[in-house]
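Trainee: Could you give me a close look at one contact surface in this model, and then tell me how it sits among the rest?

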Amino acid sequence: MQAAVGTAHVPHGHIHPPPDTFIKKYIFSQDHKVIAVQYFITSGLFFVLAGLLAEMMRAQLASANNTLLSPTTYNEAYSVHGSAMVWLVIIPILTGAFGNLIMPLQIGARDVAFPWLNMFSFWLLPPAGILLFGSFIWGAPEAGWTEYPPISLEQSFGTSMWCMAIFLIGVSSTITGLNFLVTIIKMRAPGMTWTRMPLFVWATAVTAFLSFIATANLSAALLGLLIERTFGVPFYDPAKGGSPVLWQHIFWFYSHPAVYIMILPAFGIVSEILPTFCRRPIFGYKAIAYSSVAIGLVSFAVWAHHMFTSGLAPWVQLPFMIMTMIVGIPTGVKIFSWVATLWGGNIRLTTPMYFVLGFLSTFTFGGITGIMLASVPADVHEHATYFVVAHLHYVLFGGSVFGIFAGLYYWWPKMTGRMLDETLGKIHFWLMFVSFNATFLPMHWIGLEGMPRRVSTYDPQYQDTNLFISISAFVLGASMLVFAYNAIKSTLSGREAGQNPWGARTLEWMIPSPPPYYNFEDIPVVLSGPYDYGKPLPYREIKADLDYKPIV
Amino acid sequence: MNTGQQEHKLDAGFWRATIVMGVISALGMWGVVVFPIERYLPEAAGIAVQIDWLFKFMAFFSVPILVYVNGYMIYFAVRYRNRKGQPLDQPGSSIHDHKALEFWWTAIPSVLMLVLGILSYVLIPQYYTARAASADSVTIEAIGHQFSWEFRYPGLRDPVPDELHLPINVPVTIDSTSTDVIHSFWVPAFRMKQDMIPGMVVPMTFTPTEIGKYEIVCTEFCGVGHSGMRDRFVYVQSRSDFDAWYAAEKTKQAHAPTQLTAAVLASGDAGAGQQLFNARCTTCHNAAPFDQRKVGPGLANLFHDPAHPKLLSGKAPTPADVADILEHGLSGSMGQMPNAQLNGLSAKDIADLVAYLKTLK
Ligand SMILES: [Cu+2]
């Protein structure tokens, strides 16, 4: 190890030796990078399963009075699809996988604050997945990912397994939130002030705060449901003096912030990729950073916009409508800042950039339909129809999943040391972008026309549109195969990435790919913000390979 | 390699693109204004017209936002792409803040939100707080069941299942609730929706303004028959038609047998039974052989199926025993067959249904 030259102080002077057994290295690993990969693989598997459920649903909906799936099977399919995508796929990938892989590297740390807890958090995920998918054996939950009582009280044992699964994920999220928060507050490299942090770290900080604070509410609500189902203590059953609306309040008090847990890290990913490939500073660094904080805080005061038809008094609806509209403003500021970053750049349209531009386009659309849903009178018509299904897929798929793929293409070389194929990447993008829009855009229209969500048969007037949607959804599913092939091909024969294939300036690119066990031989000293392209690198104590090696 | 910072100005190309996008936006906004929503979904209540205008207001301003965000994104990505011969690491513009620009793109959306907020708020109280109070207005109790609706009119002895009759141009208040799980009562043509929550009674008030027949749809998942909770209708009628229907319903109820006697059972009308079957039973049953099940078994040869000589209740398939199942329901391995109250069946309805089932082969 080289002596640190000229640093003021080096907080983490000594390096632990790497683990020596297979189990410690790859199974019960406490290394944030290995844990990140574990998250990617596990959640990737759940993504495939939950995606197959979606394809089953689309097969059923291909014709109006189809009998391919029984109503019960169909209800189970969409409930597990939604629950799995939210809790087993998007949240773990954005926080557990990307947060773990990138955040410690970007702040110049050798690991997270509590590596053992980090390992523990991950190991709550596989049992949760087994419980959730295993619930099919006893009859999976049927009332959607929201599981409103009283109907969820009457369902079979699978619903109790659902409660336990989501409870475990909740505990995992809470712990990860705390862990990341402490890491970001305490373990930034010397010189990395708050306003020198990369924007992905800002996003992860706010996300961690939300996970830490909000998830406990979900756990409480779930425990209540489980206790009521098992022992009959009436929290929610109106027949025994409980309140079904109570569940809705607590559930959404968590689940609205959860929407931002699922999108803020994607915002962070976009904010990293844009400057790299535009070769210019991100426009409005502070506006983007602080708007994440604003979104995070306001997100705690909007939950009842999911309940405008639940019999709330108008004076209750009003503040929730106003707060929801207010969230739109910092979100708009971000979108405009990203577009302005493109202005005057020296832009390389690589695959990560394709996904970022796709994200900008689809997420903006989802944001706008969000405002349309915020307006109480309009929501009264749109609520619980396919309009909502369309909106949520535009933000969660068009936003989060496009963001995830952008991040995967961007950081894959850092994670594996090898490049993904650019041509396959672009084929993947175009297939996914076109079929995504073909799948979800028409849903807005049939929803407004009168098709409710969560139905396995529907009025024949929506038949043609639904057939078109189903075919598009199959193409969308197939587009994932291109990525899978690309990933395998890259692992077997991908080009060596080298340290910094994109010529980026954040700290993770200043070390070898994949990074060594201890990440940084010497803890770097940060002299200014990370996005000043054209200026010398703002770090000391790194032996960066500064040459920009074009990869195509 | 690096050949130094480039600084760019807003040039003619930028303004040309801006104008093109302006033209596209204007076309889109014009399209929003003239779009005939009512051709796709009738506006059958006063509030529907207002909500559609609110929706158009939102769509109107969404068009330029979408066009400019996507348009500038594509224009910049193409205009500033790395060109052949241009060093890959040549830095782009170093401008990373512009106070005036940031002010305006915060201020303009804020003002739009404010206007939208005010417009929305003006509409809210109309249907949640106000109760229909004029002399000729109607108040109806609507109750959601798995998987039917029940409407109680003042002055009628029995509830009217799955059919809502309303007089035109008078305010109506619907007090909605449920006796089992949460349902949601939605009439798309009225743009009105209200969750029916057990233990709560929530009113909504509106004025139907167009004579016609409009679908009622359940939009809250309520169980295995949820998808079938559609194809039930609201009938908006002229005052005289409404009064005639009300009088006829009253007489019908007065004459309807309250007890399912053998005489009543024998006098069932298969035609009326078929209509009832299609409205109330096809959520869960096919008029097909036993094996073609939906939720419950197919009912085509209920009375003469050699493979199933007995009913699921264990009794022989006599009319009286089938009527017994319809009256009291049945719970078995396939699930729950609702009783007459939940299915909204009167004694005469049961007789009609049995008569119809007997005709099936
Ligand atoms: Cu229902």
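Mentor: Sure, and one definition comes up front: a salt bridge here is a side-chain nitrogen of Lys or Arg within 4 Å of a carboxyl oxygen of Asp or Glu. By that rule B:Arg191 forms a salt bridge with B:Asp52, with 2.7 Å between the closest N and O atoms. This is a predicted model, where local features need pLDDT of at least 70 and side-chain atom pairs count only at pLDDT 80 or more, while totals for chains, interfaces and linings use all residues. Residues are numbered from 1 along each chain as its sequence is written, chains are lettered from A and ligands numbered from 1 in the order in which they are written, and side-chain values use heavy atoms, leaving out hydrogens and water.

Now zoom out to the domains. Chain B splits into domain 1 (5–80 + 94–123), domain 2 (138–255) and domain 3 (262–358), with bounds from an automatic or database domain assignment. The C-alpha centres of domain 1 of chain B and domain 2 of chain B are 39 Å apart. Each side brings residues to the contact (heavy atoms within 4.5 Å): 11 from domain 1 of chain B and 11 from domain 2 of chain B. Together domain 1 of chain B and domain 2 of chain B bury about 850 Å², with 59% of it on carbon and sulfur atoms; that area is the accessible area (1.4 Å probe) the two parts lose on being put together, summed over both. On the domain 1 side of chain B, B:Leu41, B:Pro42 and B:Ala44 lose the most area to domain 2 of chain B, together 48% of what that side buries.

As for polar features, the rule finds 1 salt bridge across the interface of domain 1 of chain B and domain 2 of chain B. The count of residue pairs in polar contact between these two domains is 7, with both partners at pLDDT 80 or more. Helix α3 (residues 46–79) of chain B gives the most to the domain 1 side of chain B that touches domain 2 of chain B, 5 residues. By class, that side of domain 1 of chain B has 8 nonpolar, 1 polar and 2 charged residues. For the classes, Ala, Val, Leu, Ile, Met, Phe, Trp, Tyr, Cys and Pro count as nonpolar, Asp, Glu, Lys and Arg as charged, and the others, Gly among them, as polar. A polar contact is a pair of N or O atoms within 3.5 Å; within protein, one must be able to donate a hydrogen and the other to accept it, and residues adjacent in sequence count only if both atoms are side-chain atoms.

Next, the contact of the two chains. Chain A puts in 88 residues and chain B 85. About 7000 Å² is buried between chain A and chain B, carbon and sulfur atoms giving 70%. The salt-bridge rule finds 0 across the interface of chain A and chain B, while 23 residue pairs there are in polar contact (both at pLDDT 80 or more).

One residue of chain B shows the chain contact locally. B:His226 is in the loop between β9 (212–218) and β10 (232–237) of chain B, helices (H or I, at least four residues) and strands (E, at least two) being DSSP runs numbered from the N terminus. B:His226 is buried at a relative accessible area of 1%, where buried means under 20%, exposed over 50% and partly exposed in between (1.4 Å probe, protein chains only). Leaving out residues up to four places away in sequence, B:His226 touches residues including A:Arg453, A:Arg454, A:Val455 and B:Phe147.
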